[in-house]
Amino acid sequence: MSRRRCVLRCEGKSPLYALPKAEPQRSQWLRFIFPSVPSTVPNVVLCARHFTEDSFRNRAQFNAGFSQLLLLKDGALPTLCGPAGDSGSQPHVTHGRPTDTTPIPVDARAETTACRPRRQKRHCPAPVSLGDVNHHKDTMGWLSSATATGEAQEKTEESKGQACMQQTHGETSMMTENTQGGTRTVRKQQEEAEALKKQKQQECLTPDRSLLNCGRLTPEAVHYSTVPKYFEYCTGFSYDQYNHLCAFFGLPRSAHAPQSEVPLTFLRSTKSVKSMPLRVQFLLVLMKLRNNFDVKDLAFRFQVDPPSVSIIFRSWIPYLYNKLGQIPTWPHRDIIASQMPTDYKNEYPTTFAILDCTEIKSYSEHKSAGKCLIACDPRGSVMFVSNLFGGTVSDRDVFNQCGITAQLKNLIMCGYLHKGDALMAQKGFLLDTDVKKLGLKLDVSPTAKSRTQTCSMGTQTTKTAAKHRVLVDRAIGKIKKFKIVSNRVSHTGLKNINEIWFVVSMLSNFQPHIA
């Protein structure tokens with residue numbers, strides 16, 4: 001079975017559209033396709049090349065690859081004739097069906113005939129008959145003894161003959177010059193045809209940039225994609241949350257809002273970096289953090305060169321780190337108590353933080369990228385995140401060296417915590433002595449290895465502690481949904497891994513709460 005083809009015989013693949021059923025749109029389509037509308041209308045289709053860009057509903061999404069169907073607007077009419085907008089191409093209809101044989105119009109024949117080089121006319125001298133020559137010889141012999149009048153007549157005839165010979169020689173030389181001029185004209189036309197042929201071959205080898213340019217990826221293109229929740233998949237946030245983040249970081253909240261100033265400093269400025277709007281750059285950074293897309297992948301999606309992608313990402317991370325570092329993440333104990341879940345508040349009313357350690361993997365199988373400490377509130381919001389510590393280090397060493405002890409002292413001095421308040425951690429932390437020195441208490445939940453033994457002993461306190469300590473595990477899991485830290489970190493990514501870890505940890509607070 002042959003593939004359906006555009007009625008105007010367009011080459012190549014392009015979306016096809018059948019005739020509309022509603023009037024008067026159907027009649028307007030038929031008048032566009034046929035010079036005279038046949039009585040029996042065949043089952044024909046038109047391709048997308050005959051419609052203008054504003055005739056489609058999802059042109060940008062289709063070019064970017066986010067939609068498989070190119071949809072026409074209601075009431076769209078074809079206005080571009082021929083495979084590439086040529087108004088001279090119309091189908092030839094035989095018995096109500098289009099055929100591939102199209103007769104050449106009279107005007108086209110006239111143009112074809114006019115383009116052919118005209119053959120030069122030869123200018124030959126008038127022929128002299130043989131009888132005239134013989135008669136001339138007889139007359140010359142018979143007049144050998146004529147009078148002086150006859151001699152004068154003979155001289156006159158000779159002068160006429162010389163004039164005729166000169167005229168014949170002039171016409172012959174003119175004919176030669178005309179023939180040479182015609183040869184030069186034909187040669188020049190052949191050279192122009194050869195040059196035009198080479199130009200067409202070069203155009204076939206060189207790709208059309210208008211076909212390759214699918215359009216730069218923008219927040220609006222991702223938001224209006226036909227894929228459900230595609231924006232949240234790419235960034236971890238909804239489109240409205242993304243706009244709120246733009247406002248927080250000093251970016252325009254919409255595509256039409258002007259950008260008055262650039263709040264960050266780029267490591268190096270390129271043409272692609274200058275031309276890309278800051279909202280689009282922020283989308284690129286979030287997609288890199290969320291899905292850890294490769295640099296070449298992002299360069300193709302955003303229509304920039306790979307070095308510009310690296311410049312944008314390495315310039316944005318310090319800016320996000322400094323901006324998020326200015327947020328006070330540890331609230332007052334009264335605020336934490338007012339936001340506690342009911343079950344948690346009934347069982348642990350004075351436990352305001354849950355602690356745990358986690359590791360980030362590296363490409364080395366026998367070595368981790370680092371271990372850090374995280375403290376979250378009873379709703380799962382991150383209140384403290386430490387730097388990563390490499391090598392073999394215990395949880396207790398991380399607690400004493402990460403700086404949380406100094407922060408807890410300051411919180412007690414400022415009244416954000418009171419002496420006697422509690423922290424929750426795993427049993428393996430072994431922090432009783434260190435926490436008591438600060439004037440706080442430690443609620444311990446069993447580890448995975450000792451949970452069965454502890455539960456068999458029937459200790460209700462450890463059961464409830466284990467139930468609530470899961471909140472910090474879920475908070476860590478929400479952070480590691482940013483694949484840039486959940487995947488194995490390369491050696492080049494370790495240079496600014498502390499900044500990246502802090503950024504994704506704080507960005508998780510802008511997402512919905514766990515509890």
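**Overview of the predicted chain.** Helices, as H or I runs of at least four residues, and strands, as E runs of at least two, are taken from DSSP and numbered from the N terminus. The model shown is predicted, and on that footing the protein contains 22 helices and nine strands. Of its 515 residues, 36% count as buried, and the accessible surface comes to about 31700 Å², with 53% of that area belonging to carbon and sulfur atoms. Among the contacts made between residues at least 6 apart in sequence, 64% join residues that are at least 24 apart.

**Close-up of the cysteines C402, C357 and C376, in a structure where a search finds zero disulfides.** A disulfide is a covalent bond between the sulfur atoms of two cysteines. For C402, the closest cysteine sulfur is that of C357, and the separation of 7.6 Å is too far for a bond, because a disulfide requires the two sulfur atoms to be within 2.5 Å. C402 is itself buried, with a relative accessible area of 15%, and C376 likewise counts as buried, at 0% relative accessibility.

**Close-up of the salt bridge between E11 and R5, whose side chains meet at 2.9 Å, N to O.** Side chains of opposite charge can pair when their charged atoms come close. The count for the protein comes to 12 salt bridges. In this one, E11 is exposed, at 56% relative accessibility, whereas R5 is partly exposed, at 37%.

**Close-up of the salt bridge between D421 and R333, with the closest N and O atoms 3.0 Å apart.** D421 lies in the loop between α17 (404-414) and β8 (422-426), while R333 belongs to helix α14 (residues 333-338), so the pair ties together parts of the chain that are 88 residues apart in sequence. Both D421 and R333 are buried.

**Close-up of the salt bridge between K371 and D395, and of a salt-bridge network.** The side chains of K371 and D395 meet at 3.2 Å, N to O. Since K371 lies in strand β6 (residues 368-376) and D395 in helix α16 (residues 395-401), the pair ties together parts that are 24 residues apart in sequence. K371 counts as buried, with a relative accessibility of 13%. Elsewhere, R333, D334 and D421 are joined into one network by salt bridges that share partners.

**Close-up of aromatic pairs around helix α13 (residues 306-325).** A pair of aromatic rings is described by the distance of the centres and the angle of the planes. A search of the whole structure finds 16 aromatic pairs. One of them joins W316 and Y319 in an edge-to-face arrangement, at 5.8 Å centre to centre and with 90 degrees between the planes. These two residues are three apart in helix α13, which means that about one helical turn separates them. W316 is buried at 0% relative accessible area, and Y319 counts as buried at 13% relative accessibility. Another pair brings together Y321 and F502, whose ring centres are 5.2 Å apart and whose planes stand at 70 degrees, so that the pair is edge-to-face. This pair links distant parts of the chain, with Y321 in helix α13 and F502 in helix α22 (residues 497-507), 181 residues apart. Y321 is partly exposed, at 31% relative accessibility, whereas F502 is buried, with a relative accessible area of 17%. A cluster linked by ring pairs takes in F231, Y239, Y242, F248, F249, F282, W316, Y319 and F510.

**Close-up of two arginines placed over phenylalanine rings, R290 over F482 and R301 over F293.** R290 lies over the face of F482, at 4.9 Å from the ring centre. The charged end of R301 sits over the ring of F293, and the distance to the centre of that ring is 4.4 Å.

**Close-up of backbone exceptions at P24, K229 and Q303.** Most residues other than glycine have a negative phi, and most peptide bonds are trans. The peptide bond from E23 to P24 is cis, with omega near 0 degrees, and P24 is placed in the loop between β1 (16-18) and α1 (25-33). K229, although not a glycine, has a positive phi of about 55 degrees; K229 is found in the loop between α7 (219-223) and α8 (230-235) and is exposed, with a relative accessible area of 66%. Q303, again not a glycine, has a positive phi of about 55 degrees; Q303 has its place in the loop between α12 (295-302) and α13 and is partly exposed, with a relative accessible area of 32%.

Methods:
Residues numbered from 1 in each chain as written. Predicted model: local features only at pLDDT ≥ 70, side-chain atom pairs only at ≥ 80, totals over all residues. Heavy atoms only, no water. Buried < 20%, exposed > 50% of the residue type's maximum accessible area, 1.4 Å probe, protein only. Contact = heavy atoms within 4.5 Å. Areas by Shrake-Rupley, 256 points an atom, 1.4 Å probe, with all protein chains shown as cover. Salt bridge = Lys/Arg side-chain N within 4 Å of Asp/Glu carboxyl O. Phe/Tyr/Trp six-rings, centres within 6.5 Å; stacked < 30°, edge-to-face > 60°. Lys NZ or Arg CZ within 6 Å of the ring centre and 35° of its normal.
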